[in-house]
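Thanks for sharing this one. Here are my notes, in numbered points, to read alongside the structure.

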Amino acid sequence: MTPTPAIQLRGLSVTLGCAPVLSDISLDLAYGTLTALVGPNGAGKSTLLSVIAGDVPPDEGSVAIEGHAVAAWCSRGLARRRAMFVQDHRINFAFRVREVVEMGRQPHPPDPIADERIVSGAMATADIAHLAMRDITSLSGGEGARTSFARVLAQDCPIVLLDEPTAALDLRHQESLLATARDLARAGACVVIVLHDLNLASGYADRIVILKNGAVAADGTPRDVLTSGTIEDVYDQSVLVLDHPTRRTPLVVTI
């Protein structure tokens with residue numbers, strides 16, 4: 001028997017205002033995989049992630065998590081199944097960093113010992129343990145992003161949705177965050193991540209879905225979809241696609 005997909009999209013279309021943003025998208029996203037959503041600005045990546053999360057209702061089509069329509073889940077039940085890192089992760093109230101990470105435990109029944117262990121582990125993984133008592137409003141953009149990622153980790157969900165989590169991060173923390181995301185997938189989670197850097201997607205994703213004008217332009221392994229022809233068609237940019245010398249994945253170089 002084929003297992004039920006973690007996420008199932010069928011004929012998904014979204015219009016915001018008068019503008020079509022997503023058009024007839026159908027995808028199955030499985031547990032144990034990391035899928036990268038890539039594409040030009042305005043391609044619909046963040047909207048697609050928000051629809052999956054249940055934050056934006058589709059105008060047409062359906063979204064299901066574990067075979068049940070997203071709209072059918074209660075808010076607490078949904079919060080126990082999927083965690084969402086949003087692009088605008090700023091918090092304008094003077095919470096301490098640790099308090100923000102502890103918010104990730106809110107959907108779960110209180111368990112002081114487990115909560116302490118999970119929160120401390122999430123902060124260590126995101127490299128923010130030393131910031132625990134800092135006012136969240138005093139952090140740099142990268143420190144704030146790592147705090148938001150730690151909150152996602154503390155939520156401890158089997159579905160992890162990350163919208164441009166590396167945008168504000170330095171090189172080391174980009175690699176660390178994506179390695180953690182890959183480890184979550186290897187441990188059985190369904191991870192979906194919006195990225196702009198094709199080489200980061202190539203290095204860490206099992207599957208890449210390329211969006212163009214709100215539709216799926218390519219879908220497959222990094223080797224399948226990261227071709228010069230596809231990239232040039234989608235991005236209107238000339239590239240060379242080489243073999244990474246150590247990762248053995250496609251390496252995209254502009255020309």
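1. Let me start with H5 and H6, keeping in mind that this is a predicted model. Helix H6 spans residues 171-186, and helix H5 covers residues 141-155. The axes of H5 and H6 cross at roughly 10° and come within 12 Å. Angles under 35 degrees count as roughly parallel, and H5 and H6 are therefore roughly parallel to each other. On the H5 side the contact is made by Arg 146, Phe 149 and Leu 153, while H6 contributes His 173, Leu 177, Thr 180 and Leu 184. Sorted by class, the contact of H5 with H6 has four nonpolar, two polar and one charged residues.

2. H5 also packs with H4, the helix of residues 112-125, at an angle of about 140° and with the axes 8 Å apart. That angle makes H4 oblique to H5. What is the handedness of the crossing of H4 and H5? The crossing is right-handed. In H4, the residues that meet H5 are Ile 118, Val 119, Ala 122, Met 123 and Thr 125, and in H5 their counterparts are Ala 150, Leu 153 and Ala 154. By class, this contact of H4 with H5 has seven nonpolar residues, one polar residue and no charged ones. Do look at Leu 153 on screen: this residue appears in the contact with H4 and again in the contact with H6.

3. Now to the six-stranded sheet. It is open, its pairing is mixed, and its strand order is E6-E7-E8-E3-E9-E10. Strand E6 (82-85) and strand E10 (215-220) stand at the edges with a single partner strand each, so one side of each is left without a neighbour in the sheet. On average, neighbouring strands here are turned by 15° against each other, direction ignored.

4. Within that sheet, strand E3 (residues 33-38) and strand E9 (residues 207-212) are a good pair to inspect. E3 and E9 pair in the parallel sense over four bridges. Val 38 has Ile 210 in E9 as its bridge partner. Helix H9, residues 228-235, packs on the sheet and touches E3, E9 and E10; the direction of H9 makes about 35° with that of E9.

5. E9 has an antiparallel pairing too: E9 and E10 are joined by five bridges. Lys 212 stands opposite Ala 215 in E10. The hairpin of E9 and E10 has two residues between the strands, and Asn 213 takes a positive phi near 50° there.

6. The other sheet is also worth your time. It is an open sheet of four strands in the order E2-E1-E4-E5, with antiparallel pairing. Its edge strands are E2 (19-29) and E5 (68-69), each of which pairs on one side only. Strand E1 (residues 7-16) and strand E4 (residues 60-65) pair in the antiparallel sense over five bridges. Ser 13 stands opposite Glu 60 in E4, and the partner of Arg 10 in E4 is Ser 62.

7. A second hairpin is found at the E5 end of this sheet's order. E4 and E5 pair in the antiparallel sense over two bridges, with Ala 64 opposite Ala 69 in E5. Two residues lie between E4 and E5 in the hairpin, and Glu 66 in the turn has a positive phi of about 55°.

8. Which strands does H1 touch in the four-stranded sheet? Helix H1 (residues 45-53) packs on that sheet against E1, E2 and E4, and its direction makes about 120° with that of E1. H1 also lies across E3, E6, strand E7 (159-163), strand E8 (190-194) and E9, running at about 150° to E7. So please view H1 with both sheets displayed, as the helix has contacts with strands of the four-stranded sheet and of the six-stranded one.

9. Last, the salt bridges. How many does the structure hold? There are 14 salt bridges in the structure. One of them joins Arg 10 and Asp 28, with the closest N and O atoms 3.0 Å apart. This pair links distant parts of the chain, 18 residues apart, with Arg 10 in strand E1 and Asp 28 in strand E2. Arg 10 thus returns from point 6, where its bridge partner in E4 was Ser 62.

Methods: Residues are numbered from 1 along each chain as its sequence is written. This is a predicted model: local features need pLDDT of at least 70, side-chain atom pairs count only at pLDDT 80 or more; totals for chains, interfaces and linings use all residues. Side-chain values use heavy atoms; hydrogens and water are left out. Axes are lines fitted to C-alpha atoms, for helices over the stretch in contact, and angles run from 0 to 180 degrees between N-to-C directions. Angles under 35 degrees count as roughly parallel, over 145 as roughly antiparallel, 65 to 115 as roughly perpendicular and the rest as oblique. A crossing is left-handed if the near helix is turned anticlockwise from the far one by less than a right angle, and right-handed if clockwise. Contact means heavy atoms within 4.5 Å. Ala, Val, Leu, Ile, Met, Phe, Trp, Tyr, Cys and Pro count as nonpolar, Asp, Glu, Lys and Arg as charged, and the others, Gly among them, as polar. Two strands pair if DSSP finds at least two bridges between them. A salt bridge is a side-chain nitrogen of Lys or Arg within 4 Å of a carboxyl oxygen of Asp or Glu.
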